[in-house]
Amino acid sequence: MRHLTRSLLPICSLAILAASAPVPKGMNMTTLNARQPRCSTAIACQKAANAAFAAEMARSGTECREVSNQREETACVGAALDTTERNFGAFYGALENFVGGDAVRGAQTMWLDYRKKQCEGIFNFFRRGTIAPSARIRCEIALTRSRMRDLDALFDVQLHH
């Protein structure tokens, strides 16, 4: 909860930057490395990571409440995933700049593979229904947010002190 009570200025700045960033075509290490923010100082990286984290956690559970059919649901969660991946890219890039790539890159590559396989499993479970695409996308959103929370907790001292 402490992340949500931080200043809104960094969140607003990040939202403006995220809105102008190109939409990712699926998250992988290449897209993450290409989208990394370049922090000039440790404090700037810390602030950028915290702002991206807070922006994404504030969105959790708020998207796609007013859809009326499966087509609208799939389109809505697709847009939500784009925003989640932009926030994750900003968070991860700032974190990697701050703590060093060796501290996170190998595990991130394996996590991306895990996310892909897990969400393919969800898609295959629902494959006979029209819900399959949105179920996969919701899986990607949920696992990406979980990864952000995990990294935030693992690097708590570096990010919040």
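Begin at F126, which is partly exposed, with a relative accessible area of 31%. This tour concerns a predicted model.

**Stop 1: the loop at F126**

Select F126 and display the loop that holds this residue, the one between α5 and α6. Setting aside residues up to four places away in sequence, F126 touches I131, A132 and A135. Next, add R136 to the selection and draw a distance between the two C-alpha atoms: F126 and R136 lie 10 residues apart along the chain, and their C-alpha atoms are separated by 8.9 Å.

**Stop 2: the whole chain**

Now zoom out and colour by secondary structure. Seven helices and zero strands appear in the protein, and reading along the sequence gives the pattern α-α-α-α-α-α-α. Of the 161 residues in the protein, buried residues make up 40%. If a contact map is available, place it beside the model: among contacts with a separation of 6 or more, 82% are accounted for by residues 24 or more positions apart.

**Stop 3: A49 in α3**

Select helix α3, residues 42–59, and find A49 within this helix. Is A49 buried or exposed? The relative accessible area of A49 is 0%, so this residue counts as buried. To see what surrounds A49, show its contacts beyond four places in sequence: they are F91, A94, L95 and L159. Draw the C-alpha distance from A49 to F91, a pair 42 residues apart along the chain; the separation is 4.3 Å.

**Stop 4: the loop between α3 and α4**

Move on to the loop between α3 and α4 and select E63 there. With a relative accessible area of 14%, E63 is buried, because this value is under the 20% cut-off. Which residues does E63 contact, leaving aside its neighbours within four places in sequence? They are A80, R138 and R145. Show the side chains of E63 and R145, which are joined by a polar contact of 2.9 Å.

C64 is found in the loop between α3 and α4 as well. At 12% relative accessibility, C64 counts as buried. Inspect the backbone here, since phi of C64 is near 60°, a positive value in a residue other than glycine. Most residues other than glycine have a negative phi.

**Stop 5: E73 in α4**

Select helix α4, residues 70–99, and centre the view on E73. E73 is buried, with a relative accessible area of 11%. Its contacts, not counting residues up to four places away in sequence, are C64, V67, S134 and R138. C64 is thus familiar from the previous stop. Which side chain does E73 join through a polar contact of 2.7 Å? The partner is the side chain of R138. R138 is also among the residues in contact with E63.

**Stop 6: α4 against α6**

Keep α4 displayed and add helix α6, residues 132–154. The axes of α4 and α6 come within 9 Å and cross at roughly 25°. The two helices are therefore roughly parallel to each other, as the angle is under 35 degrees. Turn the view so that one helix lies in front of the other: α4 passes α6 in a left-handed crossing. Colouring the contact by residue class shows 12 nonpolar, seven polar and six charged residues.

**Stop 7: α4 against α5**

Finally, hide α6 and show helix α5, residues 105–125, beside α4. How are α4 and α5 oriented, roughly parallel or roughly antiparallel? Their packing angle is about 160°, with the axes 12 Å apart. That angle makes α4 roughly antiparallel to α5. The crossing of α4 and α5 is right-handed.

Select the residues that make this contact: E85, F88, Y92 and E96 from α4, together with R105, Q108 and R115 from α5. By class, the residues of this contact of α4 with α5 divide into two nonpolar, one polar and four charged.

Note on methods:
Residues numbered from 1 in each chain as written. Predicted model: local features only at pLDDT ≥ 70, side-chain atom pairs only at ≥ 80, totals over all residues. Heavy atoms only, no water. Helix = DSSP H or I, 4+ residues; strand = E, 2+ residues; numbered from the N terminus. Buried < 20%, exposed > 50% of the residue type's maximum accessible area, 1.4 Å probe, protein only. Polar contact = N/O pair within 3.5 Å; in protein donor to acceptor, adjacent residues only side chain to side chain. Contact = heavy atoms within 4.5 Å. Axes fitted to C-alpha atoms, helices over the stretch in contact; angles between N-to-C directions. Parallel < 35°, antiparallel > 145°, perpendicular 65-115°, else oblique. Left-handed = near helix turned anticlockwise from the far one by under 90°. Nonpolar A, V, L, I, M, F, W, Y, C, P; charged D, E, K, R; others polar.
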